[in-house]
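Student: I am new to this structure. Please show me how to read its salt bridges.

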Amino acid sequence: MTTDFTLEELQSATRNHGMPLEALAYTTTPVGMHYVLTHFDTPRVDPEAWRLEVDGRVARALCLSLEEVRSRPRVSQQVTLECAGNGRARLTPRPRSQPWLDEAVGTGEWTGTPLGPLLQEAGLLDEAREVLFTGLDRGEQGEIVQWYQRALSAADSLRPEVLLAYEMNGVPLPPQHGFPLRLIVPGWYGMTQVKWLHRITVLDQPFWGYQQNVFYRIARDEDDPGVQLTRMYPRALMVPPGIPVFETRERLLSLGHQRLQGRAWSGWGGIIRVEVSTDAGQHWQLAALEPPAAPHAWQAWSLDWEAGEGRHELLCRATDAAGNAQPLEPQWNLKGVANNAVQRLVVQVRRDLDSSS
Ligand SMILES: Nc1nc2c(c(=O)[nH]1)N[C@H]1C(S)=C(S)[C@@H](COP(=O)(O)O)O[C@H]1N2
Ligand SMILES: [Mo]
């Protein structure tokens, strides 16, 4: 396939990285295999000097050290994160940003303290409408020099599952995942999960910011205000079966019984159905689907298949509890976000591939 990727896109794709799809085999993604997306530079943070400021429309501003954050009530939660740009590289024409295929996802075991009680301690004033989260990273995007910032409504900020996380998979956050503290908003796309968090500001009016109002929207063109992204739309992915061809990453499989398996997730109340096609979408079969290990973690699915000799195109698709389904073809939009078109995988089933040879 010719795609004419630019060196800028390659630079983005090597700085950031996806989760190798074979890591779908783990319920909790090992730290180094979880995807990474960072707009600007990864800041180096001195944990002794770092403080979390809570200010704005609050009764009592707070300034907490890392020790003070860590000594608050501690909870752990398995949460699937996915970049809103996942699938972007499959759009034509391709919006210029991080060129993800299908792999911008991972499930971490996030440990931290719930945000709600901390906001209540600061005391939201009556006029509080939104809560703004600011990271320590700064750069230019869309010709605007900015700190990485995202806001949530006051109501969403007070949801019990929203965390200030200082550990991932039982270890302090690694630098690339937001050391020493990040926001975790289960079910929402990745841009919400502000890393290197150091300031929480309660606002009495809607926040206007590049990452809120310009970039993370589904819009037809520059004049279309579009809609703001919030929660993740459903997606199912398959562990690539068999063995890969290095140059093409096509899969080689031996003849006969195969167990196709993968994971599926949605931020809209979980997955109710995963279907698999082994003939390029002509027929679909219902996969066995497990409940999630945690309310906001992905769900395992599997399907047994008798593989006949030759070339096959495998597809999988998920439907969520809110009735959202995955389209067969990508739906184009200006920023290349929320492309949850079904995954397609080409496999060659061959007689010469039994495991002893
Ligand atoms: N401060 C800050 N937070 C950030 C970002 C960033 O560039 N700066 N990127 C966001 C985006 S777009 C995504 S998809 C997730 C990625 O989180 P991860 O790298 O831990 O997987 O972090 C979000 N939080
Ligand atoms: Mo993202």
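Tutor: We will go through some charged pairs and where they sit. This is a predicted model, where local features need pLDDT of at least 70, side-chain atom pairs count only at pLDDT 80 or more, and totals for chains, interfaces and linings use all residues. Residues are numbered from 1 along each chain as its sequence is written, and side-chain values use heavy atoms, with hydrogens and water left out.

Student: How many salt bridges does a search of the whole structure find?

Tutor: Side chains of opposite charge can pair when their charged atoms come close. A salt bridge here is a side-chain nitrogen of Lys or Arg within 4 Å of a carboxyl oxygen of Asp or Glu. The search finds 19.

Student: Which parts of the chain does the pair Arg94 and Glu9 link?

Tutor: Their side chains meet at 2.7 Å, N to O. Arg94 is in the loop between strands E3 (75–82) and E4 (105–114), and Glu9 is in helix H1 (residues 7–15), 85 residues apart. Helices (H or I, at least four residues) and strands (E, at least two) are DSSP runs, numbered from the N terminus.

Student: Is Glu9 buried or exposed?

Tutor: Buried means under 20% relative accessible area, exposed over 50%, partly exposed in between (1.4 Å probe, protein chains only). Glu9 has 4%, so Glu9 is buried. Arg94, at 12%, counts as buried too.

Student: What about Arg74?

Tutor: Arg74 forms a salt bridge with Glu167, with the closest N and O atoms 3.0 Å apart. Arg74 is partly exposed at 49%, whereas Glu167 is buried at 7%.

Terms used
Chains are lettered from A and ligands numbered from 1 in the order in which they are written.
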